[in-house]
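User: Please take me through this model, setting each term against its definition as you go.

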Amino acid sequence: MISLTDFLVVSAVLFCVGLYMIVSKHNAIQVLIGIELMLNGAILNLVAFSKYDRINNGGQMFALFAIVLAAATTAVALAIILNVYKQYKTIDPGSIDKLGD
Amino acid sequence: MSLAQVLFYLMAFIATASAVFVAGTKNLVRSIFMFFITLFALAGLYVLALADFVAITQIVIYVGGILVLILFAFMLSGKETLNAIGELRSKFISINKLPALLLAGLFLAVLLNMIFKLDADNLGWVKKAQVTHNMILPNSSMTENIGINLMTKYLLPFEAISVLLMVALVGAAHLSRKGRSA
């Protein structure tokens with residue numbers, strides 16, 4: 001049997017890689033990939049603990065909700081990134097410092 | 001060591017290694033395709049956690065939907081600016097990345113410390129679930145149970161998230177229109 005601690009360690013590593021990408025990348029798409037990695041680490045925790053909840057399925061259910069939420073976030077974020085690129089000709093989050101009129 | 005454990009360590013290695021590659025590589029296209037590998041390995045980990053329905057959903061939505069969206073956004077934003085950003089980044093490599101590495105590493109240390117102190121396999125409710133046989137076994141099929149729960153116990157979150165998905169899709173379509181008359 002695979003222990004829960006193994007799952008938790010894997011998800012902690014994924015979460016920290018995502019955190020590193022969000023802080024260090026100069027490209028909005030890579031920042032978005034970092035957010036997806038963090039979400040996947042959290043979902044892995046939900047799924048791993050859901051093994052001990054056969055009747056209610058709380059973990060698996062909220063993992064499904066989190067996946068759908070991630071899809072919605074990505075669609076909106078990519079639309080925003082494309083608009084930002086149209087306006088500023090760059091998608092570096094550090095150089096977008098003017099409000100659009 | 002059983003076969004499931006060997007597969008788990010293989011999948012965990014693939015997932016973490018490809019995630020580190022995604023974070024480390026300079027080439028954006030290569031990082032997107034390695035993210036593809038990470039998501040597949042995570043689906044394998046979900047199967048090993050006995051959540052086959054979540055694994056299939058992961059493949060359908062993440063790999064089929066989100067990754068294609070990210071590729072589209074990458075193809076639609078210009079190539080020259082991306083290259084310019086890459087050059088700028090490689091010049092100041094150590095100055096830029098040290099604080100981020102420090103933050104991520106310290107956070108990982110805190111998380112690992114907490115996980116090993118927690119000792120998740122001996123938690124009270126986990127022990128109780130093992131005693132009362134409220135745990136998923138490898139031969140139990142959960143998809144039917146998920147469907148019933150989705151329509152009874154979790155009906156309100158289900159409806160709320162479907163409305164939210166609708167709103168998000170309409171908003172994304174509105175944001176990416178050609179004419180900016182609004």
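The turns below discuss a helix pair and a nonpolar core.

Analyst: This is a predicted model, in which local features need pLDDT of at least 70 and side-chain atom pairs count only at pLDDT 80 or more, while totals for chains, interfaces and linings use all residues. Residues are numbered from 1 along each chain as its sequence is written, and chains are lettered from A in the order in which they are written.

User: Why are α2(A) and α2(B) called roughly parallel?

Analyst: The axes of α2 (residues 28-49) of chain A and α2 (residues 28-48) of chain B cross at roughly 5° and come within 11 Å. Angles between N-to-C directions run from 0 to 180 degrees, and those under 35 degrees count as roughly parallel, so α2(A) and α2(B) are therefore described in that way.

User: What makes up the contact of α2(A) with α2(B)?

Analyst: Its residues, among them I29(A) and V47(A) of α2(A) and L45(B) of α2(B), divide into nine nonpolar, three polar and no charged. Residues are in contact if their C-beta atoms, placed from the backbone, lie within 7 Å.

User: How do you know that the span of α2(B) agrees with its number of residues?

Analyst: The expected span is 1.5 Å times one less than the number of residues, so the 21 residues of α2(B) should span 30 Å, and its end C-alpha atoms are indeed 30 Å apart.

User: Which residues touch the most other members of the largest nonpolar core?

Analyst: They are I29(A), V47(A) and L45(B), in a core of 70 residues, of which α1(A) gives the largest share, 14 residues.

Notes:
Helices (H or I, at least four residues) and strands (E, at least two) are DSSP runs, numbered from the N terminus. Angles under 35 degrees count as roughly parallel, over 145 as roughly antiparallel, 65 to 115 as roughly perpendicular and the rest as oblique. Two residues are in contact if their C-beta atoms, placed from the backbone, lie within 7 Å. Ala, Val, Leu, Ile, Met, Phe, Trp, Tyr, Cys and Pro count as nonpolar, Asp, Glu, Lys and Arg as charged, and the others, Gly among them, as polar. A nonpolar core is a set of buried Ala, Val, Leu, Ile, Met, Phe, Trp, Tyr and Cys residues joined through C-beta atoms within 7 Å. A residue is buried if 20 or more other C-beta atoms lie within 10 Å of its own, exposed if 12 or fewer, and partly exposed in between; C-beta atoms are placed from the backbone.
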